[in-house]
Amino acid sequence: MKLVLINYGAGNIKSLQFAFQRLGAEAILSDDIEAIQNSDRVIFPGVGEASSAMAMLRQTGLDKVIPNLTQPVLGICLGMQLMCNSSEEGKTKGLGVFDVDVAKFPSTVKVPQIGWNTITGLRTELFQNITEESYMYAVHSYFAPVCKETIATTQYGSNYSAALQKNNFYGVQFHPEKSSTTGEVLLKNFLNL
Amino acid sequence: MLTKRIIPCLDIKDGRTVKGVNFVNLRDAGDPVELAKVYSENGADELVFLDISATEEKRKTLAQLVLKVAKAINIPFTVGGGISSIQDVAVLLNNGADKASINSSAVKNPQLINDLVAKFGTQCITVAIDAKQVEDEWIVHLLGGKVPTAWNLFDWAREVEQRGAGEILFTSMNNDGTKNGFANKALAKLSETVNIPIIASGGAGNVQHFVDAFKMGKADAALAASVFHFKEIEISALKKELLNNNISIRI
């Protein structure tokens, strides 16, 4: 199976590569449009700031490529947020895969949220063999509210989308590659979709 | 519900783990990669690596170590010690570190915080603050507590938050190495002063000290070294006891 990690200068890509390595899968780092289109699975990582990440995607033309992919795609953290309609961070438009607008956490909670939080209301094969109230590691200041594409929620201030899904597109707000054995199960599930 | 984090800290010198008592008398406590693996399997929520021998040559050793750690574990980890530039942080994050922790370089050049945050994002940048209570005031210190600065702890905390730091790792120099508990009053005041997560550090000696750091100190995470390295406290037992005290913890 060909697995490509989209390389656009964002994110802790080494950890993701190592996580897949532990699962016996080789994740190839690439910004080559053809390589991305021809791969069996695509990981869309992202750590950093939303508007500058979107600028990088536009510069490379990836903003047009990603929403048209037909194989299973997994956006992680900022990657998931960029797949939404828009983000309050840097007031930027997103890729518009998920019909929801990313907002900043209110000051009634500590921002950023850093640490292990539970996921509930788990739907789709992505969460196969993962029990309700499992812990995942997350670190973020912005969140996607609950919407019709939500397939898992987490409580922080209010309920937000811990994961989203539409057709072949999946997104998780937490970092499965940093979420111990539960995170590994999720990555394995993604490979098996 | 977001849980409180338990963070073993591995002080690194020449690629090995050490822990100073009051920052002197270093003792060897093992291979960092092996230790990291054991901690991650035993329920540590996160790890901090602090390089206390940060010369140019040693930095390359550290970068290699970070890569080995990232390969071996599946929980987040932060790396600190001697970081003073965007390039320093880029190397660590590219090798698999999740967060970088800066200390003296931020005090010397506060703009560095803004620059790092702009480049890597708020969530990657931890500011470590060493402070000592002198009479009634908490004064920020540099070089492991040797050099006082003009900054008051709470003013500096506010400053680093405004500049975009994602969290604060606060070490009380009065408590560090004493095993008499964390600086809970100062911790609680810090939590009221800023709205970013606070990691408590310095003074862990027994399980009750962690309970106090979370309940009285309102800390979001608690960090310790020697009590974990020398197995005076087992992380799994500690977490069970915290749960028994109605503290939100990942088991």
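Let me begin with Phe228(B), which touches Ile6(B), Ile7(B), Pro8(B), Tyr39(B), Phe210(B), Ile233(B), Ile235(B) and Leu238(B), leaving aside residues up to four places away in sequence. The model under discussion is a predicted one. Phe228(B) also appears in the description of the largest nonpolar core, which has 80 residues. The residues with the most contacts inside that core are Leu47(B), Phe77(B), Phe170(B), Phe210(B) and Phe228(B). Phe210(B) therefore appears both in this group and among the residues that Phe228(B) touches, given that contact means heavy atoms within 4.5 Å. As general background, nonpolar side chains in soluble globular proteins tend to be buried together.

I turn now to chain B as a whole. Chain B has ten helices and twelve strands. Its radius of gyration is 17 Å, close to the 18 Å that the globule rule gives for 251 residues, so chain B is as compact as a globular protein of that length. The C-alpha trace of chain B spans about 45 × 40 × 40 Å along its principal axes. Of the 251 residues in chain B, 61% are buried. If we consider the contacts in chain B with a separation of 6 or more, 66% of them are accounted for by residues 24 or more positions apart. The accessible surface of chain B comes to about 10,000 Å², and 49% of that belongs to carbon and sulfur atoms.

Next, the annotated positions in chain B. Which residues of chain B does the UniProt annotation "active site" cover? According to that unreviewed entry, they are Asp11(B) and Asp130(B). Asp11(B) lies in strand E1, residues 5–13 of chain B, and Asp130(B) has its place in strand E7, residues 125–134. Are these two aspartates buried or exposed? Asp11(B) counts as buried because its relative accessibility is 6%, where buried means under 20%. Asp130(B) is likewise buried, with a relative accessible area of 9%.

The surroundings of Asp130(B) can be listed explicitly. Not counting residues up to four places away in sequence, Asp130(B) touches Asn103(B), Ile139(B), Val140(B), His141(B), Gly144(B), Thr171(B) and Met173(B). With Asn103(B) there is a polar contact between the two side chains, at 3.4 Å.

Chain A carries its own annotation. The unreviewed UniProt entry gives "active site" for Cys77(A), His175(A) and Glu177(A). These residues span 101 residues in sequence, yet no two of their C-alpha atoms are more than 11.0 Å apart, so they gather at one spot. His175(A) is found in the loop between strand E13 (169–172) and helix H6 (180–192) of chain A, and Glu177(A) is found in the loop between E13 and H6. His175(A) counts as buried at 7% relative accessibility, and Glu177(A) is buried with a relative accessible area of 4%. The side chains of Glu177(A) and His175(A) make a polar contact at 2.9 Å.

Which residues does Glu177(A) touch, not counting residues up to four places away in sequence? They are Ser15(A), Leu16(A), Ala19(A), Arg22(A), Ile76(A), Leu187(A) and, from chain B, Asn74(B). Among these, Ser15(A), Leu16(A) and Ala19(A) also appear among the buried residues of helix H1(A). That helix, residues 13–22 of chain A, is mostly covered, with seven of its ten residues buried. The other buried residues in H1(A) include Ile13(A), Gln17(A), Phe18(A) and Phe20(A). H1(A) is followed by Gly24(A), whose phi is positive, near 80°.

A further link between the chains involves Arg250(B), found in the segment after helix H10 (235–244) of chain B. Arg250(B) is buried, with a relative accessible area of 11%. The residues that Arg250(B) touches include Trp116(A), Tyr135(A) and Ser180(A) from chain A, together with Thr3(B), Gly43(B), Ala44(B), Asp45(B) and Lys239(B) from chain B. The side chain of Arg250(B) reaches the backbone oxygen of Ala44(B) at 3.0 Å.

I close with Thr181(A), which is found in helix H6 of chain A. Thr181(A) counts as exposed, at 52% relative accessibility, because the cut-off for exposed is over 50%. Thr181(A) and Ile33(A) are 148 residues apart in sequence and 32 Å apart in space, C-alpha to C-alpha.

Key: Residues numbered from 1 in each chain as written. Chains lettered and ligands numbered in written order. Predicted model: local features only at pLDDT ≥ 70, side-chain atom pairs only at ≥ 80, totals over all residues. Heavy atoms only, no water. UniProt positions renumbered as here; feature names shortened; annotations may be inferred. Helix = DSSP H or I, 4+ residues; strand = E, 2+ residues; numbered from the N terminus. Buried < 20%, exposed > 50% of the residue type's maximum accessible area, 1.4 Å probe, protein only. Polar contact = N/O pair within 3.5 Å; in protein donor to acceptor, adjacent residues only side chain to side chain. Core = buried A, V, L, I, M, F, W, Y, C linked by side-chain atoms within 4.5 Å. Rg over C-alpha atoms; globule rule 2.2 N^0.38 Å. Areas by Shrake-Rupley, 256 points an atom, 1.4 Å probe, with all protein chains shown as cover.
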